[in-house]
Protein chains: 2
Amino acid sequence: MVNFTIIYVGNIKDKFFADAVAEYEKRIKGFCKLKNIEIKEKRPPDEPNEAQIKAILDAEGEKILSSIPQGAYKIALCVEGKKVTSEALSKMLTELPHKGFSEAVFIIGSSHGLADKVKSACDFRLSVSDMTFPHRLMRVILSEQLYRACTIEAQTGYHK
Amino acid sequence: MVNFTIIYVGNIKDKFFADAVAEYEKRIKGFCKLKNIEIKEKRPPDEPNEAQIKAILDAEGEKILSSIPQGAYKIALCVEGKKVTSEALSKMLTELPHKGFSEAVFIIGSSHGLADKVKSACDFRLSVSDMTFPHRLMRVILSEQLYRACTIEAQTGYHK
């Protein structure tokens, strides 16, 4: 399996979500390396207009782009991305080393989303759902899917 | 908003998922009534064959069908269902009372899924994702989406 880096804008305030992520990340580390990069979320003014949100996303986007490890395969999580099954995601990640990538970086934006320049700089845009989730819950879902991807490759029986 | 009943096969072993569900359900109760019906999951033998899984799903399915409140709008969660946005789900639930339904029941199967007879007895089959999630995580996702549906209708600003 390729190694994982997760770039996440914001922090996980809810203990239950933090504990869920910690549990899955502990399990993932039985299969590969995992690194977390947390980027500070900028607080928008109350009832921000479109230009204010864009300015915040652009500033967060600069920090994201400068945090991406060199040579990593870059995956942005965004609702308009491509939908794949858990098996297809596992296969994609398993095949990355054969394509010259030893690391996959997953990018989860802030509660306002991700700047277009980050999405277009990525190799793959991944959509989990047509539904909107809080980005903290999205981080739980991602960690579970990465653990699942590892178990699918290793055929441990977790995924059935 | 319509009232919610959630029928769930199994129990939530992980404290972090139980706490997440409890938090969202507490918030939902600020908007409407919510009732939980937990159905005992049948333990399959080790490495069950297809017939053994079908027998278990059928037995669980009988209990599910007899637990559905009379006159409720029935929604089965299954990967092959219809995908909707959070806004569309909210609109669907908001409109149910105008169609004569005061209650929506959501059905989450066991780790092996849901019997076909349950799916075909439902009014709507809802797919959150092409990805496979543990059913415990699916219950967290559902509770968050139901809370989100309430806030979309009430325009509280949670959903943005």
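Q: Predicted model, right? Start with chain B: which residues of H1(B) meet H5(B)?
A: Yes, the model is predicted. From H1(B) come B:Phe17, B:Ala20, B:Val21, B:Tyr24, B:Glu25, B:Arg27 and B:Ile28. They meet B:Arg136, B:Leu137, B:Arg139, B:Val140, B:Ser143, B:Glu144, B:Leu146, B:Tyr147 and B:Cys150 in H5(B).

Q: How do those contact residues divide by class?
A: For H1(B) with H5(B), 10 are nonpolar, one is polar and five are charged.

Q: And at what angle do the axes of H1(B) and H5(B) cross?
A: Roughly 20°, and the two axes come within 9 Å. That angle is under 35 degrees, so H1(B) is roughly parallel to H5(B).

Q: Is the crossing of H1(B) and H5(B) left-handed or right-handed?
A: H1(B) and H5(B) cross in the left-handed sense.

Q: OK, over to chain A. Where do H1 and H5 sit in the sequence there?
A: In chain A, helix H1 covers residues 15–28 and helix H5 covers residues 135–154. Their axes come within 9 Å and cross at roughly 20°. H1(A) and H5(A) are therefore roughly parallel to each other.

Q: Left-handed or right-handed for H1(A) and H5(A)?
A: Left-handed.

Q: Which residues of H1(A) meet H5(A)?
A: On the H1(A) side they are A:Phe17, A:Ala20, A:Val21, A:Tyr24, A:Glu25, A:Arg27 and A:Ile28. On the H5(A) side the residues include A:Leu137, A:Val140, A:Leu146, A:Tyr147 and A:Cys150. By class, the contact of H1(A) with H5(A) has 10 nonpolar, one polar and five charged residues.

Q: Now the chains together. How many residues of chain B are in contact with chain A?
A: 20 residues of chain B are in contact with 20 residues of chain A.

Q: Which elements of chain B give two or more residues to the side that touches chain A?
A: Helix H1 (15–28) and helix H5 (135–154) of chain B. The largest share, five residues, comes from H1(B).

Q: How is that side of chain B made up by class?
A: The side of chain B that touches chain A has nine nonpolar, six polar and five charged residues.

Q: Switching to the sheet in chain A. What is the strand order?
A: S2-S1-S4-S3-S5, five strands in an open sheet with parallel pairing.

Q: Which are the edge strands?
A: Strand S2 (34–39) and strand S5 (124–126) of chain A. Each of these two pairs on one side only.

Q: How far are neighbouring strands turned against each other?
A: By 30° on average, direction ignored.

Q: Zoom in on S1(A). How many bridges join S1 to S4?
A: Six bridges join strand S1 (residues 3–9) to strand S4 (residues 103–108) of chain A, and the two run parallel. One pair to look at: A:Phe4 has A:Ala104 in S4(A) as its bridge partner.

Q: And S1(A) with S2(A), parallel or antiparallel?
A: Parallel, over six bridges. There A:Thr5 stands opposite A:Lys35 in S2(A).

Q: Last one: how many residues of S1(A) are buried?
A: Six of the seven residues of S1(A) are buried, so the strand is mostly covered.

How values were computed: Residues are numbered from 1 along each chain as its sequence is written. Chains are lettered from A and ligands numbered from 1 in the order in which they are written. This is a predicted model: local features need pLDDT of at least 70, side-chain atom pairs count only at pLDDT 80 or more; totals for chains, interfaces and linings use all residues. Two strands pair if DSSP finds at least two bridges between them. Helices (H or I, at least four residues) and strands (E, at least two) are DSSP runs, numbered from the N terminus. Axes are lines fitted to C-alpha atoms, for helices over the stretch in contact, and angles run from 0 to 180 degrees between N-to-C directions. Angles under 35 degrees count as roughly parallel, over 145 as roughly antiparallel, 65 to 115 as roughly perpendicular and the rest as oblique. A crossing is left-handed if the near helix is turned anticlockwise from the far one by less than a right angle, and right-handed if clockwise. Two residues are in contact if their C-beta atoms, placed from the backbone, lie within 7 Å. Ala, Val, Leu, Ile, Met, Phe, Trp, Tyr, Cys and Pro count as nonpolar, Asp, Glu, Lys and Arg as charged, and the others, Gly among them, as polar. A residue is buried if 20 or more other C-beta atoms lie within 10 Å of its own, exposed if 12 or fewer, and partly exposed in between; C-beta atoms are placed from the backbone.
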